[in-house]
Amino acid sequence: MAASALLEKSWRELRWGERQKDLQYVQKYKPENPEIRYLRVLLFGHVGAGKSSFINSVSNVLRGRMTMPALASAMTSDKSFTRKYETHKFTEGRGSSRTFFPVVFNDIMGLEDGETRGVHAKDIVHAFKGNVKEGHKFNPVGPLEPDDFGYNPTPSTDDRVHVLVCVMSANTPQINSSLLKKMSEVREKASELGIPQMAMMTHIDAACGEIQKDLKNVYRSRHLQKKMKDFSAAVGIPVNCIFPVKNYSEEIDMNNDVDILILSALRKIIDFGDDFIEKMKTE
């Protein structure tokens, strides 16, 4: 008899009823380092992984309604839709009472197969250190150099990246060796700088029919568990630092289960990033 697509019990616990508690945790966060206004999260990953859609989904959850701070493409393409380095801030309130959440996301051009396609690993490393100016347009032919206009020679502590998040589609059959090499380069450099690393696995509903039926099956899906373990083995990010999420894509209204998965990942992004910020204070 064929094994069921679902495990009997969830292999990771998730409190589905605690959306408000998780949301408050994220909303109340503030870096304790006076030199840092924003905990900076850098997203990187292959083309079409859902980086811009993840930023939009985070914005939806924080603001409690559908939003679109990052332009995302609905077309399947092997070319990156995001071309420039952009900081995405999330607003709270309106008009004169408008403030920003102290967590920001930087979106970067997608990784592509081949040496002269997609973002260069060196450009991602420049971003780690705060050396990429806001709005810099990436050039797939060559990385940013110190004498280029888009290079920031005097970054502040606030410009540096505090968490690196690799975004990966659960619906991707296999990562080719060229992309794995680029990912490995990026991860090695982040490790040298002590930057905490995590991964978001997107498109989980498209990858598994049981999750499409009910998002609460996310940690019971045998297929997704295998995907996460295989990705961990290939890229080197531990399974407990990989978070499956469903981006808002077809929905026109908010969905509690979608929010819970995103908030679960956001809490860990904040925890890991804050630990790094605290370490920076003592350096």
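Q: How many bridges join strand 1 to strand 5, and in which sense do the two strands run?
A: In this predicted model, strand 1 covers residues 39-45 and is joined to strand 5. One facing pair along this contact is arginine 40, which stands opposite valine 104 in strand 5. The two strands run parallel, and the number of bridges that join them is 4.

Q: Which residue of strand 5 is the bridge partner of threonine 87?
A: Strand 5 also pairs with strand 2, which spans residues 86-88, and this pairing is antiparallel over 3 bridges. Within strand 5, the residue that partners threonine 87 is asparagine 106.

Q: How many of the residues of strand 5 are buried, and which of them point the same way as Val103?
A: In a regular strand the side chains alternate between the two faces of the sheet. In strand 5, Val104 and Asn106 point one way, whereas Val103 points the other way together with two further residues, and all of these are buried. Strand 5, made of residues 103-107, is thus described as mostly covered, with 5 of its 5 residues buried, and the residues that share the direction of Val103 are Phe105 and Asp107.

Q: Which residue stands opposite serine 169 in strand 7?
A: Strand 6, residues 163-169, is joined to strand 7 by 6 bridges, and the two run parallel. Strand 7 is mostly covered, since 6 of its 6 residues are buried. Gln197, Ala199 and Met201 point one way from this strand, while Met198, Met200 and Thr202 point the other way. The residue of strand 7 that stands opposite serine 169 is threonine 202.

Q: What is the phi value of histidine 203, and where does this residue lie?
A: Histidine 203 is placed in the loop between strand 7 (197-202) and helix 5 (204-207). Because its relative accessibility is 28%, histidine 203 counts as partly exposed. Its phi is positive although the residue is not glycine, and the value is near 55°.

Q: How many residues apart in sequence are the parts tied together by the salt bridge of aspartate 259 and arginine 19?
A: A search of the whole structure finds 11 salt bridges, and one of them joins the side chains of aspartate 259 and arginine 19 at 2.8 Å, N to O. Aspartate 259 belongs to helix 8 (residues 256-282) and arginine 19 to helix 1 (residues 19-27), so the pair ties together parts of the chain that are 240 residues apart in sequence.

Q: Is aspartate 22 buried or exposed?
A: The side chains of aspartate 22 and arginine 267 meet in a salt bridge at 2.8 Å, N to O. This pair links distant parts of the chain, with aspartate 22 in helix 1 and arginine 267 in helix 8, 245 residues apart. Arginine 267 is partly exposed because its relative accessible area is 21%, whereas aspartate 22 has a relative accessibility of 10% and therefore counts as buried.

Q: Why are glutamate 192 and lysine 189 separated by about one helical turn?
A: The side chains of glutamate 192 and lysine 189 meet in a salt bridge at 3.0 Å, N to O. Glutamate 192 counts as exposed at 60% relative accessibility, while lysine 189 is partly exposed at 26%. Both lie in helix 4 (residues 177-192), and they are separated by about one helical turn because their distance in sequence is 3 residues.

Q: What is the C-alpha separation of tyrosine 29 and aspartate 274?
A: Tyrosine 29 lies in the loop between helix 1 and strand 1, and its relative accessible area of 10% means that tyrosine 29 is buried. Tyrosine 29 and aspartate 274 are 245 residues apart along the chain, and their C-alpha atoms are separated by 9.3 Å.

Q: How far apart in space are leucine 62 and threonine 91, C-alpha to C-alpha?
A: Leucine 62 is found in helix 2, which covers residues 51-63, and at 8% relative accessibility leucine 62 counts as buried. Leucine 62 and threonine 91 are 29 residues apart in sequence, and their C-alpha to C-alpha distance in space is 8.6 Å.

Q: Which residues gather with Arg94 in a patch of positive charge?
A: Arginine 94 lies in the loop between strand 3 (91-92) and strand 4 (99-100). Its relative accessibility is 72%, so arginine 94 counts as exposed. The residues that gather with Arg94 in this patch on the surface are Arg63, Arg65 and Arg98.

Definitions and conventions:
Residues are numbered from 1 along each chain as its sequence is written. This is a predicted model: local features need pLDDT of at least 70, side-chain atom pairs count only at pLDDT 80 or more; totals for chains, interfaces and linings use all residues. Side-chain values use heavy atoms; hydrogens and water are left out. Patches are made of residues with over 30% relative accessible area and no salt bridge: like charges are joined within 9 Å, nonpolar side chains (Val, Leu, Ile, Met, Phe, Trp, Tyr) within 5 Å. Accessible areas come from the Shrake-Rupley method with a 1.4 Å probe; for residues, only the protein chains shown count as cover. A salt bridge is a side-chain nitrogen of Lys or Arg within 4 Å of a carboxyl oxygen of Asp or Glu. Lys and Arg count as positive and Asp and Glu as negative; His and the chain ends are not counted. The place of a charge is taken as NZ of Lys, CZ of Arg, CG of Asp or CD of Glu. Buried means under 20% relative accessible area, exposed over 50%, partly exposed in between (1.4 Å probe, protein chains only). Two strands pair if DSSP finds at least two bridges between them.
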